Amino acid sequence: MKLSQFKFKLPEEQVALYPPHRVFKNEDGTVERVYSRDQCRLMVLHRKSQQLELFKKDDSGNDTEEFMTFRDLVNYFDEGDTFIFNDTLVFPARLYGTKEKTDAKIEVFLLRELNEELRLWDVLVEPARKIRIGNKLFFDGEGPMVAEVIDNTTSRGRTLRFLYDCPHDEFKRELYSLGEAPLPRYIVSRRKAEPEDMENFQTVFAKNEGAVTAPSTGLHFSKQLMKIMEIRGFNFAYVTVHCGLGAFDPIEVEDLTKHKMNSEQMHIGAEACQIVNDAKSAGHNVCAVGISTARATETAVGTDGLLKEYEGWTNKFIFPPYDFGLANSLITNFYHPESTMMMATAAFGGYDLVCEAYAQALKHGYKFGCYGDALLLLDD
């Protein structure tokens, strides 16, 4: 397929800058947001019957004028069905420092720690043209945090050595105290990150540190919703995919077969395989929560259709036509034009029907992006 087949006009007001919330005005004129992560809208796509559902039903099974919310997804699954979640944990990766001598403000985006003992980190810097090997960056914190640029990796990439003499755990705490939630550029270009973003941009089941962006579909699951699902007899399996920035990189080729995804580290253990494979063997539904989860499970699925243990990296790029080997349902968000997440969604639900779902979302004012509304794709 071609890149231009995933192009559409997304109104700026339909880009979600905050999670689902209600706004209250205090007596002093300040505004307070009360967040409800499981109260986004939910659209349901039935890929065999080629139907879309947007509205809640009345007692007679007819559409009402009330849009479905994310909690309604429990009505589409039965006891024994299994959900696969990505339990990666996002760390506060975006820092701001100043360059020695000039005091120029520099954004430093932490990607991964390269060497614990030497305090080496792979980072992106902005504006990159101002940062050369040998420069020092200073960060305002409780301690004297200084970093030296020791290598160039890409046009914006640098290797930093943090000059901070203390136990590693203390260093990490101090470093992270300087950071903020690594919201996507399309959000921070419109508003600053706020303290509550560090909680909002983290799933309630996050466990294994390593992501620099959230597995955003998982953000819709609240503790209350997870408890409801548990009571209904749904099973949970957890895999780890440390989400990187590759999903936000613009695709620069028209022919999608020529695009290369950045690799992301992933782990699938024996317990997750057992839960998923038992459910699939028993004929239950297996639902992948989010595109990062779907990419991971498609990387590790065997020719027998069962999930295998995996430790390593994946750069799997999913776009139509593609036959999924494991999950028979998928939950995802509505994403930006020409995004790899939209392409993977179209591969699962069918290009024409997913484009129609996106058209309906645009028509009815759904929100797009990491904090946006959700789409459930079913094989019925």
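Here are some short exercises on a predicted model, each with a worked solution.

**Exercise 1. Getting an overview**

Find how many helices and strands the chain has, and work out how its radius of gyration fits the rule for a compact globule.

*Solution.* Start with the elements: there are eight helices and 21 strands. Next, take the box around the C-alpha atoms, which is roughly 70 × 60 × 45 Å along the principal axes. Now for the rule: a compact globule of 380 residues would have a radius of gyration near 21 Å, and the chain has 22 Å, so the two agree. Then look at burial, where 53% of the 380 residues come out as buried. Last come the contacts: of those with a separation of 6 or more, 70% are between residues 24 or more positions apart.

**Exercise 2. Two helices that pack**

How are α7 and α8 oriented to each other, and which residues meet?

*Solution.* Locate the pair first: α7 covers residues 340-349 and α8 covers residues 351-363. Their axes are 7 Å apart and make an angle of about 125 degrees. An angle over 115 but not over 145 falls outside the parallel, antiparallel and perpendicular ranges, and α7 and α8 are therefore oblique. As for handedness, the crossing is right-handed. Now pick out the residues: α7 brings M342, T345, A346 and G349, while α8 brings Y351, L353, V354 and Y358. Sort this contact by class and you get six nonpolar residues, two polar ones and no charged ones.

**Exercise 3. A covered helix**

Decide how many residues of α6 are buried.

*Solution.* Go to residues 291-300, which form α6. Nine of the ten are buried, so this helix is mostly covered. Among them are I291, A294 and A296, and also R295 and E298.

**Exercise 4. Two residues from one loop**

Take H259 and E252, and say for each whether it is buried or exposed.

*Solution.* Place them first. H259 sits in the loop between β16 (235-241) and β17 (264-268), and E252 is in the loop between β16 and β17 too. The cut-offs are under 20% for buried and over 50% for exposed. H259 has 13% relative accessibility, so it counts as buried. E252, at 73%, counts as exposed. Then check the surroundings: leaving out residues up to four places away in sequence, H259 touches I251, V253, F317 and T340. E252 has L3 at 8.6 Å, C-alpha to C-alpha, although their positions lie 249 residues apart in sequence count.

**Exercise 5. A strand residue**

Which residues does T159 touch, leaving out those up to four places away in sequence?

*Solution.* Begin in strand β14 (residues 157-163), where T159 is found. Its relative accessible area is 8%, so T159 is buried. The residues touched are L114, W121, E148, V149, I150, D151 and T153.

**Exercise 6. Backbone oddities**

Find where the cis peptide bonds of P127 and P321 lie, and compare K101 with R119.

*Solution.* Take the prolines first. E126 and P127 are joined by a cis bond with omega of about 0 degrees, and P127 is in the loop between β11 and β12. The bond from P320 to P321 is cis as well, with omega near -10 degrees, and P321 lies between β19 and β20. Now phi: K101 has a positive value near 70 degrees, and R119 has one near 60 degrees. K101 is in the loop between β9 and β10, while R119 is in the loop between β10 and β11. Finally, K101 is exposed at 81% relative accessibility, whereas R119 is buried at 9%.

Notes:
Residues numbered from 1 in each chain as written. Predicted model: local features only at pLDDT ≥ 70, side-chain atom pairs only at ≥ 80, totals over all residues. Heavy atoms only, no water. Axes fitted to C-alpha atoms, helices over the stretch in contact; angles between N-to-C directions. Helix = DSSP H or I, 4+ residues; strand = E, 2+ residues; numbered from the N terminus. Parallel < 35°, antiparallel > 145°, perpendicular 65-115°, else oblique. Left-handed = near helix turned anticlockwise from the far one by under 90°. Contact = heavy atoms within 4.5 Å. Nonpolar A, V, L, I, M, F, W, Y, C, P; charged D, E, K, R; others polar. Buried < 20%, exposed > 50% of the residue type's maximum accessible area, 1.4 Å probe, protein only. Rg over C-alpha atoms; globule rule 2.2 N^0.38 Å.
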